[in-house]
Amino acid sequence: MANHKSALKRIRQDKKKNLHNRYYAKTMRNAVRKLRAITDKEEALKLYPSVQKMLDKLAKTNIIHKNKAANLKSSLTRQINKMA
């Protein structure tokens, strides 16, 4: 166990940050899943901007890597464009 006051504080902060980051990462994954499950192009086009915004925000705050966000946006766009 940590012996210094600052180390104990860091452990507390890390737990809180980890919980916060896990929540937003999970929310993002669910949004992407929801968008991928949609078969109607109009519905997908309505939902896409909010998912894109979420990915950009998470990449900006380093919850996910910027390249992962770019790859997800790219694959979602391709999927939406393929819809009839």
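**View 1. Helices H2 and H3 pack against each other in this predicted model.** Helix H2, which covers residues 41–60, and helix H3, which covers residues 66–82, pack at an angle of about 175 degrees, and their axes lie 10 Å apart. Because an angle over 145 degrees counts as roughly antiparallel, H2 is described as roughly antiparallel to H3. On the side of H2, the contact is made by Lys-41, Ala-44, Leu-45, Tyr-48, Val-51, Gln-52, Leu-55, Asp-56 and Ala-59. On the side of H3, the residues that take part are Lys-66, Ala-69, Leu-72, Lys-73, Leu-76, Thr-77, Ile-80 and Asn-81.

**View 2. Lys-73 and its surroundings in helix H3.** Leaving aside residues up to four places away in sequence, Lys-73 touches Tyr-48, Gln-52, Leu-55 and Asp-56, and these four residues are also listed among those through which H2 makes its contact with H3. Lys-73 has a relative accessible area of 19%, and it is therefore classed as buried, since that word is used for values under 20%. Thr-39, by comparison, is 34 residues away from Lys-73 in sequence, and the C-alpha atoms of the two residues are 17 Å apart in space.

**View 3. The salt bridge between Lys-73 and Asp-56.** The count of salt bridges comes to one, and in the bridge formed by Lys-73 with Asp-56 the closest N and O atoms are 2.6 Å apart. The pair links distant parts of the chain, for Lys-73 belongs to helix H3 and Asp-56 to helix H2, with their positions 17 residues apart in the numbering. The two partners can also be described by their accessibility: Lys-73 counts as buried at 19% relative accessibility, whereas Asp-56, at 36%, counts as partly exposed.

**View 4. A nonpolar surface patch that includes Met-1.** Met-1, Leu-8 and Ile-11 together make a nonpolar patch on the surface, with an area of about 320 Å². Met-1 itself lies in the segment before helix H1, the helix that spans residues 5–37. With a relative accessible area of 83%, Met-1 is classed as exposed, because this class takes in values over 50%.

Conventions
Residues numbered from 1 in each chain as written. Predicted model: local features only at pLDDT ≥ 70, side-chain atom pairs only at ≥ 80, totals over all residues. Heavy atoms only, no water. Patch = residues over 30% accessible without salt bridge, like charges linked within 9 Å, V, L, I, M, F, W, Y side chains within 5 Å. Areas by Shrake-Rupley, 256 points an atom, 1.4 Å probe, with all protein chains shown as cover. Salt bridge = Lys/Arg side-chain N within 4 Å of Asp/Glu carboxyl O. Helix = DSSP H or I, 4+ residues; strand = E, 2+ residues; numbered from the N terminus. Buried < 20%, exposed > 50% of the residue type's maximum accessible area, 1.4 Å probe, protein only. Axes fitted to C-alpha atoms, helices over the stretch in contact; angles between N-to-C directions. Parallel < 35°, antiparallel > 145°, perpendicular 65-115°, else oblique. Contact = heavy atoms within 4.5 Å.
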